[in-house]
Amino acid sequence: MFGWAITFLVIALIAGLLGFGVVAGTAFAAAKIIFVVALVAFLVSGVLGITGRGIP
């Protein structure tokens, strides 16, 4: 998931440099959303792993 976030961030940067503002904004918003979802999934899996209450 972090790879997707980085990919969308790179797309946003390239689109911004080329003057495609709408594409850059959309790609940047997608990168932020994917990054937050991946971060939450990482934290939840970390907490479940520490407590030993993994989902079977």
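1. Starting with the surface: the protein chain has an accessible area of about 4,300 Å², and 82% of that belongs to carbon and sulfur atoms. Keep in mind that this is a predicted model. As for burial, 14% of the 56 residues in the protein chain count as buried.

2. On to the overall build. DSSP-style elements come to 2 helices and 0 strands for the protein chain. The radius of gyration is 15 Å, well over the 10 Å that the globule rule gives for 56 residues, so the chain is more spread out than a compact globule. The C-alpha trace tells a matching story along its principal axes, with spans of about 50 × 15 × 15 Å.

3. If you want a single distance to check in your viewer, try Ile14 to Gly52. These two sit 38 residues apart along the chain, and their C-alpha atoms are separated by 43 Å.

4. Now helix α1, which runs over residues 2–18. With 17 residues, α1 reaches 24 Å from its first C-alpha to its last, close to the 24 Å expected at 1.5 Å a residue.

5. Which residues of α1 are buried? They are Ala5, Ala12 and Ala15. These alanines cover an arc of only 95 degrees around the axis, which puts them on the same side of α1. As background, an α-helix has 3.6 residues a turn, so residues three or four places apart point the same way. Turned away from the buried side of α1 is a face carrying the exposed residues Ile6, Leu13, Leu17 and Leu18.

6. The item I'd look at alongside that is the nonpolar surface patch, at about 1,000 Å². Its members are Trp4, Ile6, Phe8, Val10, Ile11, Ile14, Leu17, Leu18, Phe20 and Val23. Helix α1 gives the most to this patch, with 8 residues. Ile6, Leu17 and Leu18 turn up here as patch members, and they also belong to the exposed face of α1 described above.

7. Two patch members deserve a line each. Is Trp4, a residue of helix α1, buried or exposed? Trp4 has 58% relative accessibility, and because the cut-off for exposed is over 50%, Trp4 counts as exposed. Ile14, also placed in helix α1, has 47% relative accessibility and therefore counts as partly exposed. Both residues clear the patch criterion of over 30% relative accessible area, and both are listed in the nonpolar patch.

Technical notes: Residues are numbered from 1 along each chain as its sequence is written. This is a predicted model: local features need pLDDT of at least 70, side-chain atom pairs count only at pLDDT 80 or more; totals for chains, interfaces and linings use all residues. Side-chain values use heavy atoms; hydrogens and water are left out. Patches are made of residues with over 30% relative accessible area and no salt bridge: like charges are joined within 9 Å, nonpolar side chains (Val, Leu, Ile, Met, Phe, Trp, Tyr) within 5 Å. Accessible areas come from the Shrake-Rupley method with a 1.4 Å probe; for residues, only the protein chains shown count as cover. A salt bridge is a side-chain nitrogen of Lys or Arg within 4 Å of a carboxyl oxygen of Asp or Glu. Helices (H or I, at least four residues) and strands (E, at least two) are DSSP runs, numbered from the N terminus. Buried means under 20% relative accessible area, exposed over 50%, partly exposed in between (1.4 Å probe, protein chains only). The radius of gyration is taken over C-alpha atoms; the globule rule is 2.2 Å times the number of residues to the power 0.38. The expected span of a helix is 1.5 Å times one less than its number of residues. The arc is that of the directions from the helix axis to the C-beta atoms.
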